[in-house]
Amino acid sequence: MADKTASAARAGTGRPAGVWRPAAFAGISGRKELRPADLLALARDAFRRADYATAWLISDRLVRISGGADPLPLVLRASALARLGHAARSSEDLARAAFADPSDRFANEALIASADIVAGEKALLRLAAATEPPAPSSLAAHLQRRGKTALIRCEADEAGITLLGLATALMTLRVGWSGERQSDAIDLALATPGADGQPPYIGQVKLAWPSDETAVAFTPDRADVLVHPATVLRPAETLPSLAAAAAAAPGLMVVVPVYDDADATRACFAALLANLPREGAVRVIAVDDKTPDPAIAAFLDVLAAEGRIVLVRNRVNLGFAASVNRALAMRRPGEDVALVNADTVVPPEALARLRAILHRRRDIGTVTPLSNNGEDTSVPCRFRSSPLGTAEDVAALNTLAWQANGETTVPLPNGVGFCMLIAARLLDAQPYLPTAFGRGYFEDVAYCLAARELGFANVCATGVYVGHAGSRSFQDDKRWLVRHNLERLSRHFPDYRAETDRFFANDPLLPQAARLEAAWLGRQRGLGIVLTDRAQDPATIRRAAASLGLPSDRLLFATIATGESGSLLKLRGVGQAMPQNLDLRLDVEAEAAQATRYLSRAAAVLAVDPQHLPQAAVSLVRKAGVRPAALLTSHVGGLSLGAGWTDRFAPRHVPTERLASHLRKTGLGVSLVDTRPLLVPAPRRPLRGDVLYLVLAAGEAPADRLITRLSAALAAAPKIPFTLAVLAEPTAERLADHVAWVGAIDDDDLVDWLHFAGHGPTLFASRRHGIADERTELWAQAGIPVAFFDPETQEPQSEGLQLRLPHDAADDAVAATVLAWMARLTRRAG
C-alpha cells in the first residue's frame, strides 16, 4: 500500500501549481473507522484524481496520527503542497521526513527529485550507503536526475581501501587521494555493464594503506562525480604513534577537536582557557579538522602562537574520533584526558571537580557532567536538549549543582563525549577511540561500553554542569549519522538498546536533577506562579503572562494532583525552562515548607479558574501569605468561590470584553486582560459553504451529544448541505454520518491549517468558554461566520457574521438552529 501511495504521489499530474480548490471532507466522514491503511488508500486516489487539496487534507491527518514520526505521510503532504504551489512548505515537510528517518527510501527519493541541490545529493548518498541500497539501475537513474555521471563508494579495513564505482556511461576516472603525509592518484575503470549489457557500468580498485597514514581523502577529476565517504579512516587498532611519549608528572590533557562555527569556538576557548584546573600539569590540544572557515584557522594560530594551546592541524577532514586519536597519540604517561567539544562552555572549577571525582575510585573510567544538552545527562529537560544560555548562566548552574549534589555520582551506561574525562589507567588499556563510526556519533559510546568490559565504570558527576550548544558541526546530517551508527553499535553490543531503555524508564538521575532545580528555584525572585489544574497551553500561558504583567519565561506553572498517597505539587517552567522535574509532596512537612517558601518569594500568584483547584491549593496559598495575588477566569461556569480565594485574591482577570460584561452583571468586579497579538486568519475568497468546522476549547472533551444531533439533522435534510468537520480525535463510538474527524489541532496551528483546508463557518462548541474565546470576535472581524454559546441570550440571535446560541439550549434545538443558519449563509453567498 505504501509503495502504491508514494508512486501515486510522485506520478500525480493535472491541475497546475497554485490553483486551489477546497479539500473534500465528505470522503473521510461517516461511520466507518478509517485506519491509517484506509487513509493511505484515500490519499492515493486523491493523487490519481489530481485532487491535491484532498490529498493534502488526508496526508495531514496521517502526519498528525503519527506525530510526525513516520516519513511517508510527510512525503505525501510535501507532494500535495508542491502541486498546490507551496514550494517552501513542501521543502520543510521533506526535511522533516528525512529527519524522521534519514534512511527512508521514499523520503530520500522525494528529496532527490526536489529542486534542493544540497539536500538531493545528501539523500542520494544516504541511499547508496544504506544497508540494502537500491538496485544499480535505480542508483543510475537517481544520478541522472541529479545531473551526475558516477558514484564512488569507499570502504576501508585493516588490509586497505576499496573504491567501488557506478557510472551512467563507460568511463575511466582519475581519483586523487591525499593523507597527512602523502598524495597521489589512482585510475578507476567503470567498464563492466549490467547483466543485459546495458548501463550502468561498474568497477572497483584496491589500494593498500599508505604507510603511516591514519586517513585518506579522495577527490575525483570530474565535478559530476559523487564520492562517499570522501574520507576513510584507518582502524584504530593499527594507528601508528604520532609522538614519542615524553616522561612527565601525571597531568591532564584537554583535547578539543575543531571544525566549524567560529562564534561557538571562540566562546569555548574563552571559557576553557580561563577555567583550567590550577593544580597539576595541564595542556590543551586543539585539533583543527581541516576547518572550512579561515577565521577559525586564524584564531587557533593566534592561540598557538601565544603558547596557550598545542595546535594539531589535519590535512584532511577526519571527523571526531580520528581527530581525537591524533591527540591521544601524544598523551604522556599518567595523563588523564578531557574530551571537550568546541561548542561547549566550561565554567569555573568544572574540570577540576570532574578530575577529583575521576580519582575517587580506581574503577571509574569516565566521568560526564550534567548539561543542557548532554543526552542522558541533560537537565532540565531529561534526555532532550534545552537552550544553552549565557556563560554566566552556565557558571551559575555549575555552582548550584555543586551546592545541591556535591560529589554525588550516578552510574551511566556510557559517558557522553561532549565533555568526558577519561582516566589514564583506562587509556593505558584502551588508548584510542574506535574509528569504525566514521565522521561521528557513538564512538564515545562504543569506547565506554568496551571500557566496562575491562572492568571500568562510567559515571555522571551530578555536582558539575557544563554548557553545550550541540550538533553545530553536523547540523542536518546528525540524524542519519545517529541511526546509521546505532545499527553498527548494536551489532557489537546487542544489549545496549535494552539497557538504555531501562535507564530511560527508571531515570536514576531524576532526584539529582530535581535537587539542582530546587537550588535554582531557591535563588529566584520575581517569578509569577500560576496555580492551575490543566497542562500548559498557549492560551493559558498568554493570558497568565498578561494578567501578571510578566514575560512568559518568568512564569512558573504549579499544578496540584491529589490521590490516595496525598497531594503532589508539580512545578514546571514554560516550555523548556527550569524546572521540569521538581515535584513536592505536600503531605511531607519539609517539602510542604519548601513549596510555601517558593510561593512566598513570588512576585505574584495567579489562580486560573480556582473553582477547579483542590483544597490543598487554598491551604498552600494561605500558609504562604501570598500578596499580590489575582484570579484568571476563562469561562462562565462555577463562578462562586469560597472565602479562601475571595479574601486573598484580587483582581479577577478575564480574556474577553463579552465575558467581562457578563460577569459585571452578576456583581463581580473584573478587569480585561489584553492578550494580543493573536494570529488572525486571512481567509481565501469565497469562503467554503460545504463544511462547518467544530472547534473545542483546549483540554475539553468533544461535545458528543451535540455532534450526534447535528449528524442526525444532516441525515434528515432533503439534501446534505455540508459536512461537519470536528477538530478532535475520534473514537469508534463517536463516528457518525456526515461527520469528519480531522484530528486535534493546536490552537497556534489552527489558522495556518485552515489556510490550506479552506476557511468556512465555524462553531465554537464549548458552552463554558464560548464568550471567553477571543477568536469569536477576531474571526468574525476577518469575515468568517462564527457561532458560539452566550449566557446573555435566551434565544438564538444572528448578528452579522455571528450566531449567538443560548447557553442552556438543548442539543436538538442547537442543531436545528445551526442548520438554518448555514442555509442562510449559503443563500447569501449565492
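**Conventions for all views.** Throughout these legends, a residue is called buried under 20% relative accessible area, exposed over 50% and partly exposed in between, with a 1.4 Å probe and protein chains only. The model is predicted, so local features need pLDDT of at least 70 and side-chain atom pairs count only at pLDDT 80 or more, whereas totals for chains, interfaces and linings use all residues. Residues are numbered from 1 along each chain as its sequence is written, and side-chain values use heavy atoms, with hydrogens and water left out.

**View A. A salt bridge within helix α3 joins D60 and R64**. The two side chains meet at 3.0 Å, N to O, where a salt bridge is a side-chain nitrogen of Lys or Arg within 4 Å of a carboxyl oxygen of Asp or Glu. Both residues belong to helix α3, which runs over residues 52–66, and they stand 4 residues apart, about one turn of the helix; helices (H or I, at least four residues) and strands (E, at least two) are DSSP runs numbered from the N terminus. The two partners differ in accessibility, since D60 is buried with a relative accessible area of 2%, whereas R64 is partly exposed with a relative accessible area of 25%.

**View B. D60 also pairs with R77**. The salt bridge between the side chains of R77 and D60 has an N to O distance of 2.7 Å. Because R77 lies in helix α4 (residues 71–83) and D60 in helix α3, this pair ties together parts that are 17 residues apart in sequence. R77 and D60 are both buried. Taken with the pair of the preceding view, these residues belong to a network of salt bridges that links D60, R64, R77 and D93, and a search of the whole structure finds 46 salt bridges.

**View C. L74 is a buried residue of helix α4**. L74 lies in helix α4, and its relative accessibility is 0%, so it counts as buried. When neighbours within four places in sequence are set aside, L74 is in contact with V63, G68, D93, R96 and A97, contact meaning heavy atoms within 4.5 Å. D93, one of these contacts of L74, is also a member of the salt-bridge network that includes D60, R64 and R77. L74 and A95 are 21 residues apart in sequence, while their C-alpha atoms are 9.0 Å apart in space.

**View D. E121 and K148 form a salt bridge between a helix and a loop**. The closest N and O atoms of E121 and K148 are 3.2 Å apart. E121 lies in helix α7 (residues 117–128) and K148 in the loop between α8 (136–145) and β2 (150–156), so the pair ties together parts that are 27 residues apart in sequence. In this pair E121 is partly exposed, with a relative accessible area of 22%, whereas K148 is buried, with a relative accessible area of 13%.

**View E. R353 is buried without a salt bridge**. R353 is placed in helix α12, which covers residues 350–358. The nearest side chain of opposite charge, that of E349, is 4.8 Å away from R353; for this purpose Lys and Arg count as positive and Asp and Glu as negative, while His and the chain ends are not counted. Beyond its neighbours within four places in sequence, R353 is in contact with N398, W402 and V464.
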